[in-house]
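Ready for a few exercises? Grab a pencil, have a look at the structure, and try each task before reading its solution.

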Amino acid sequence: MEGSLGQKHKPQEFTLVSISELASSSSSSSSSSAPVVARFGGDSGAAELRLRQETDSDDISFDLRTTQIFRLSPVQSVCISEGDAGKEKSHSRGVTLLFRNEEECSAFHSAFDKRKKDDIVQGSHLPNGAISSLKSRFDDKIESSSSKMYFHYYGQLLHQQNMLQDYVRTGTYYAAVMENRADFTGRVVVDVGAGSGILSLFAAQAGAKHVYAVEASEMAEYARILISGNPALSERITVIKGKVEDVELPEKADILISEPMGTLLVNERMLESYVIARDRFLNPNGKMFPTIGRIHMAPFSDEYLFVEVANKALFWQQQNYYGVDLTALHGSAFQGYFSQPVVDAFDPRLLVAASMSHVLDFTNIKEEELYDIDIPLKFVATVGARIHGLACWFDVLFNGSTVQRWLTTAPGAPTTHWYQLRCVLSQPIYVMAGQEITGRLHMVSHSAQSYTIYLTLSAKMWGPGAEQGGILQSSSCKLDLKEPYYRMSQPQAYPVAQDQQQHPLMQPQDLSIQPQDLEDADLMLQASPNSGAPLNSLIDNI
């Protein structure tokens, strides 16, 4: 149970028939035919297995953090302890265990697994910057091939430069820190996923007492070089190479700062690491920069994009491609192209309804809540149009004591390296002005550090008697956020009629959110900052 995780285990004992120590390169094999007592833990409840022989021989102890157990037969097992974690792994000690019967062997294995699992959850104190040799929470949920590519990507300076040159991103972070110096002066700061160390340097500029820059990729070495090149700040910054799930720090933090946002806010699943860092390192009532995130959604109409995506599959309609008929795969290719979310910057006039938003409060959300995000959708069409899918973007709030500042990726606002994202339906639906659009956006995390997206949009009957009617049209799609179509084009040049106003930029950073707003469930379905802005009906001309 959750309440028992922090409690110490009572010692647990098993009687063995005998043990036999395996030979290693530095010692010969030894065995004992005398009965042996296997004891988990001790008076301190340590994560330890101790084998005590009735003879005068010394006890044999295993650190459960570095020990594995394998079953050799119904009544025989072997315990193997890994060598020095700082060197290339070598199995430094192995002992075979002979049990009295199969039931006792099974009970021992169950106790071993439970004790090891529970001690991992409780954690153990390691020196500052040390990394646990256990498989971390990150490794448990992320496949190794994905994490290897991920850390390789962010370990390269060219990708860090791409993010640093996103001046909306970097400038907003700088402003959020400098405008809230009171939050940083004399405080301990942890930079989660520090990258080049730029946010650590900002925090130090703002007067932080000390900054711990935690970075798991090879970029940690570049961060050390960059920080040492700024001697006025470097004495107050410590770079620690490792995952926030694994490293230990000598003190708690007053502030967490991070840039954990991916495409659609949640891609790359770094928000989970941000939340884990909060639980591990942040003092009660400590601050988080950013504090909350919002995913904004609205239906859109874009005939050009729909035709572009559909036409990609035309290749597979060839009946004589070097004498081969490709048409058997056209359907699969067609659906495959529509399974790719489109990442680009689009004209906000393509939106056919006021947007709604879903709030993620980083200060209290649980890690598990990010595994499965289910958002009910409800819009009212402002124009008659053919809806081609759902447009999404996000913003985050830096809720400082002095200034509240927003970083937005909204369409119509200055473009960031995140752009916006659109989920395109292979079967568009038709709506009239005033017609209600409902649906669901369901995002399920997967081990490749991303999400599978399930989208459904439906249009209810419209006009007289609609309250008695049901769903008129419905369209669904499944997309992989890990494999988007990077369109990266600038918004199309749509002609503006003389009687129409230019769509004002969306500026969520000009808004302020009060603490009581976060407690109001209506915020989950409120319109985004541009909801009051007029939406042009030029989509009808597409």
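**Exercise 1: a helix and its cover**

Which helices are included in what covers the buried residues of α3? Work out which side of α3 is turned inward along the way.

Solution. Keep in mind throughout that this is a predicted model.

Step 1: Start with the buried residues. In α3, which runs over residues 144-154, these are S146, S147, Y150, F151 and Y154. They span an arc of only 120° around the axis, so they sit on the same side of α3.

Step 2: Recall a bit of helix geometry. An α-helix has 3.6 residues a turn, so residues three or four places apart point the same way.

Step 3: Flip to the face turned away from the buried side. There you find the exposed residues S144, K148, M149 and H152.

Step 4: Now look for the cover. Over the buried residues of α3 lie, among others, α2 (137-141), α4 (157-164), α8 (219-228) and α10 (270-281).

Step 5: Zoom in on one residue, S146, which has its place in helix α3. Its relative accessibility is 5%, and under 20% means buried, so S146 counts as buried. Leaving aside residues up to four places away in sequence, S146 touches S447, A448, Q449 and K482.

**Exercise 2: two helix pairs**

Find out how α5 and α7 pack, then do the same for α11 and α12.

Solution. Two packed helices are described by the angle between their axes and the distance between the axes.

Step 1: Take α5 (residues 167-178) and α7 (residues 198-205). Their axes are 9 Å apart and form an angle of about 25°. Angles under 35 degrees count as roughly parallel, and α5 and α7 are therefore roughly parallel to each other. The crossing in which α5 passes α7 is right-handed.

Step 2: List who meets whom. From α5 come T170, Y173, Y174, V177 and M178, and they meet L199, F202, A203 and Q205 of α7. Sorted by class, the contact of α5 with α7 has seven nonpolar residues, two polar ones and no charged ones.

Step 3: Move to α11 (residues 303-311) and α12 (residues 330-338). Here the angle is about 140°, and the axes are 8 Å apart. This makes α11 and α12 oblique to each other. The α11 and α12 crossing is right-handed.

Step 4: Check the contact residues again. F306, V309 and A310 from α11 make the contact with F334, Y337 and F338 from α12. In the contact of α11 with α12, six residues are nonpolar, none is polar and none is charged.

**Exercise 3: following A176 across the chain**

What does A176 touch, not counting residues up to four places away in sequence?

Solution.

Step 1: Locate the residue: A176 is in helix α5. With a relative accessible area of 0%, A176 is buried.

Step 2: Pick out its contacts, skipping residues up to four places away in sequence. They are F289, F398 and R405.

Step 3: See how far along the chain one of these contacts lies. A176 and F398 are 222 residues apart along the chain, yet their C-alpha atoms are separated by 6.3 Å.

Step 4: Put that next to the whole chain. Among contacts with a separation of 6 or more, 73% are between residues 24 or more positions apart.

**Exercise 4: unusual backbone spots**

Where do the cis peptide bond and the positive phi angles of N285 and Y419 lie?

Solution.

Step 1: The cis peptide bond joins F289 and P290, with omega about 5°. P290 is in the loop between β14 (282-289) and β15 (292-300).

Step 2: N285 is not a glycine, yet its phi is positive, about 70°. This residue is in strand β14. N285 is exposed, at 82% relative accessible area.

Step 3: Y419 isn't a glycine either, and its phi is also positive, about 55°. Y419 is in the loop between β20 (404-408) and β21 (420-431). Its relative accessibility is 18%, so Y419 counts as buried.

**Exercise 5: the whole chain**

How many helices and strands does the protein chain have, and what percentage of its residues is buried?

Solution.

Step 1: Count the elements: 13 helices and 25 strands.

Step 2: Turn to burial. Of the 542 residues in the protein chain, 49% are buried.

Methods
Residues numbered from 1 in each chain as written. Predicted model: local features only at pLDDT ≥ 70, side-chain atom pairs only at ≥ 80, totals over all residues. Heavy atoms only, no water. Axes fitted to C-alpha atoms, helices over the stretch in contact; angles between N-to-C directions. Helix = DSSP H or I, 4+ residues; strand = E, 2+ residues; numbered from the N terminus. Parallel < 35°, antiparallel > 145°, perpendicular 65-115°, else oblique. Left-handed = near helix turned anticlockwise from the far one by under 90°. Contact = heavy atoms within 4.5 Å. Nonpolar A, V, L, I, M, F, W, Y, C, P; charged D, E, K, R; others polar. Buried < 20%, exposed > 50% of the residue type's maximum accessible area, 1.4 Å probe, protein only. Arc of directions from axis to C-beta.
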